[in-house]
Amino acid sequence: QVYKLKDYKPTDFVVERIDLTFELDPSETKVVSRVILHRREGVAADAALVFDGDELTLDSVQLDGNDIDPSLFDVDEESLTIRGLPESAPFEITVNTTLSPDTNTKLMGLYRTNGVYCTQCEAEGFRRITYFYDRPDVLAVYTVTIIAAKDDAKYLLSNGNFLGSGNYDEGRHFAAWFDPHPKPSYLFALVGGDLGLVEDTFTTMSGKEVALKIYVEHGKEGRAGYAMDALKRSMKWDEEVFGREYDLDIFQLVAVSDFNMGAMENKGLNVFNDKYVLADPETATDADYANIEAIIAHEYFHNWTGNRITCRDWFQLCLKEGLTVYRDHAFSADQRSAAVKRIAEIRLLKAHQFPEDAGPLAHPVRPETYKEINNFYTATVYEKGSEVVRMIRTILGADDFRKGMDLYFERHDGDASTIEDFLACFAEASGRDLKQFALWYSQAGTPSVSVSTDWNEAAKSFKVTLEQSLAPTPGQSRKALMHIPLAYGLILPDGSEFNGQPQGGEAGNGVFHLTKRKQTFSFTDVPGRPVLSINRGFSAPVNIAMEQSADDLAHIARHDSDGVSRWQALNEQAMRHLVAVSKLARDGRKLPAAKELAKILVDTAADESLEPAFRAQALALPAESDIAREIGSNIDPDAIHTAREAVLSEIATAGLAVFSKLADRAPTGPYSPAAEDAGLRALAGTALAYASIAEAEPVRAKAAFDASNNMTAMTQALQILVHQFPGSDEAEAALAAFKSRFAGDALALDKWYAIQAMAPGAGTSARVEALLESPDFDRKNPNRMRALIGSFSAGNPTGFNAPDGAGYRLLAREVIDIDKRNPQLAARLLTAMRSWRSFEPRRQKLARQALVSIREAGKLSPDVGDIIERMLAD
Ligand code: ARG
Ligand code: ZN
């Protein structure tokens, strides 16, 4: 079935309230749902009520307390239809269903993970709990009563405020919750289990005290401190920056170990993948801490952007996701180095969203059609969606942006809204027409902007010509011209910046507004030949095509007032060289030296005036997958690997003295996850990798591994050993030591699996096959599957794309197998092959065979079926 944006229609009946009662049992949970409804004005008197349902056992259904005559209702695979309902008076429908949480392997609806009952309802999981209008525009007030055996579920949690609890006989108890804020079903949550509890409080800006509770597995309480701290900082930040206050007496968060995604913003009861809650220095890396901070903030910020204002339909998913990612980015930028944070965002966007936009799975930020909504929780909806909000801020300026946000909160509080509603607030607050800009929501693909400059020495004039284009994407052959805001700077020979305003188009506050196909901006009275720094800070998510000399890039890298632009220039220089060398390697030609690049990178490494985290980012060469994306077609991953290794080795040799010093400069003293220390560790780890390359010896990394007293340093060293010195005694000894030290610690062991899965080279698929068979490998745990299969297929270009096709076959076989239990996870893992058409012909053929083998494997889930179909469409 295909769903279309243009077919939106409100429901025939309006839900007033819903009361749910759960009697929890591992295999026979009883759910009673009482819903008060009335017929919407203008709806025909004979229109039937159609509720959604999925894999439910219906026990009975009543109207105002009386069993409904079987001739008046029908149940099928996906719905419950009831006829003969009152014409205008409100009525009550009671639905009784039975569920089996223990056998719910899809992890949607009500399931059990490590003995804990929990729910995941977004996008369409509530229909796996009871028959209901499972769509985001049906808002209702929920009352929930949960009954369970005390020794089966000590805590009984749901959304909203706590009403009360009590005991029954035979060791059973109950708890009741009331959520006063009308919400859609996807925000419903229930948790029941014996958990450890960490408590704190937060006092809001109006002086209300909120109880904060984080529930984790027993024994892990000590790892919840950072999450609690991040939560309190998020609550404060949203008050200060967006004027948003929390609106219940209590905020609860539960960490579970089997979860399909990162986390879920259920009203007042967030449920998290424990990977994004639990942290201590021994088991979590700096990256884990940063992710925890960002995701805690993200889910908390959804309380306003998502919950108080939700989406009219799932086409509007970016309304809450893009905006909330934008908000969590702004939060992290404020908590850490803004430039370093932005660099990480740019890397992530280019690594995940650009390939999506360039391949068969491309779709607009707001899709207009879908078959399976779970397949649209994508980098495009989330990350590009955030970039679009960021561009609105760039175009409007900080003040009007805030005014627009205030208006949005004021006008749409309690609504199920659309992108049009959202944009109208900014248009109104700023007096700007955003019609052309709105194309960012409807046109898929990454625009290209070609840039050329012209300096006239005699006239002291400088011209910048910009030309935009947007390639066709699936379903969109013709594209309209976009409004592209390109931040820029003109850097003069002495390193200062030219401040004159250009003619030729709108260009206020250092931003060219490219709105036509081609525009020339002319500057006059420029004292000397300037160097153009374009798309500063990555103001627009576009590809820039520009001939810029290495000297000009170096000038930007040295003088740009914006740190992100300095990194962009360095990265561009590295990328160009790597692309050129990779192409030579593919053609079997001799590889040129990288002297200049090596010098500038070693100088950057040694430059003590620069932040360590920035230096680490500068030294991290574009990944093999980045180079592949840049090359675009006829990709040979082995050639890219060879070329990149050669460049790495040249840099390493040139800078050995610098790197060996920096490798020992990790912070001493007790571990702190704060950004400065993390930056030092990042630089030390990068330096250790370079020094090990130059020395071609595992000794230094093994010593670092043995001496490490935190997970960041430990995994840095382990990765160097396993990736650079595979099969060495040192690598095998480190792997064994890691494994025995963290036996039984699933999150730490995930790192052990991931590092091995990403070891370069065609031999890795055999290693992955062996690891799949190890006794502690749990195929049902999504984190474990992502750590091994996901890291291998999405994070190991030479291993996964091995020339014999073994990697593709491995993934195809696992996807077919996982699909039987957990379609969402299977579909997600399969997207690793989205760029299969960009490889050289031999690999393309093998990739196609693997994809076809999935298509022909028998009954596929809608999730995997949809991805396969789009990936194989011509
Ligand atoms: N709304 C969640 C978040 O971004 C993601 C949940 C997605 N779940 C899913 N089953 N598709 O915070
Ligand atoms: Zn979200």
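**Reading the assignments in a predicted model**

Mentor: Over residues 445-545 the chain is 0% helix and 45% strand, and the end C-alpha atoms are 16 Å apart. Keep in mind that this is a predicted model.

Trainee: What does UniProt call residues 445-545?

Mentor: An unreviewed UniProt entry gives "domain: Peptidase M1 alanyl aminopeptidase Ig-like fold" for that range.

Trainee: Which residues does UniProt list for "domain: Peptidase M1 alanyl aminopeptidase C-terminal"?

Mentor: The unreviewed entry lists residues 551-873. Helix makes up 72% of that stretch and strand 0%, with 44 Å between the end C-alpha atoms. Residues 226-437 carry the name "domain: Peptidase M1 membrane alanine aminopeptidase", also from an unreviewed entry. There the chain is 56% helix and 9% strand, and its end C-alpha atoms are 39 Å apart.

Trainee: How do you know that the length of helix 10 agrees with the expected span?

Mentor: Helix 10 covers residues 563-586, which is 24 residues. At 1.5 Å a residue, the expected span is 34 Å. The end C-alpha atoms are 34 Å apart, so the two values agree. Just after helix 10, Gly588 has a positive phi of about 70°.

Trainee: Why does Asp433 count as exposed?

Mentor: The cut-off for exposed is 12 or fewer C-beta neighbours within 10 Å. Asp433 has 10, so Asp433 counts as exposed. Asp433 sits in the loop between helix 7 (419-430) and helix 8 (439-442). Its C-alpha atom is 36 Å from that of Ser206, 227 residues away along the chain.

Trainee: What makes strand 7 and strand 8 a pair?

Mentor: Pairing needs at least two bridges. Strand 7 (residues 73-76) and strand 8 (residues 79-82) have four, in the antiparallel sense. They form a hairpin with two residues between them. Asp76 stands opposite Ser79 of strand 8.

Trainee: Which residue of strand 4 stands opposite Ser79?

Mentor: Asp52 does. Strand 4 runs antiparallel to strand 8, and four bridges join them.

Trainee: What shows that side chains alternate along strand 4?

Mentor: Look at residues 49-52. Leu49 and Phe51 point to one face and are buried. Val50 and Asp52 point to the other face and are not buried. Buried requires 20 or more other C-beta atoms within 10 Å. In a regular strand, side chains alternate between the two faces of the sheet.

Trainee: What is the strand order in the open sheet of four strands?

Mentor: The order is 10-11-16-13, with antiparallel pairing.

Trainee: Why do strand 10 and strand 13 stand at the edges?

Mentor: Strand 10 (109-113) and strand 13 (155-158) each have a single partner strand, so one side of each lacks a neighbour in the sheet. From one strand to the next, the twist averages 20°.

Trainee: How many bridges join strand 10 to strand 11?

Mentor: Five, with strand 10 antiparallel to strand 11 (residues 116-120). Against the cut-off of at least two bridges, they pair. Leu110 has Thr119 of strand 11 as its bridge partner.

Trainee: What surrounds ligand 1?

Mentor: A shell of 14 residues, of which Glu122, Met261, Met264, Asn374 and Tyr377 are the closest. Strand 20 (263-264) and helix 2 (286-301) each supply at least two residues of that shell.

Trainee: How many residues of each class are in the shell around ligand 1?

Mentor: Five are nonpolar, five polar and four charged. Among the closest residues, Met counts as nonpolar, Glu as charged and Asn as polar.

Note on methods:
Residues numbered from 1 in each chain as written. Chains lettered and ligands numbered in written order. Predicted model: local features only at pLDDT ≥ 70, side-chain atom pairs only at ≥ 80, totals over all residues. Expected span 1.5 Å × (residues − 1). Near = placed C-beta within 6 Å. Axes fitted to C-alpha atoms, helices over the stretch in contact; angles between N-to-C directions. UniProt positions renumbered as here; feature names shortened; annotations may be inferred.
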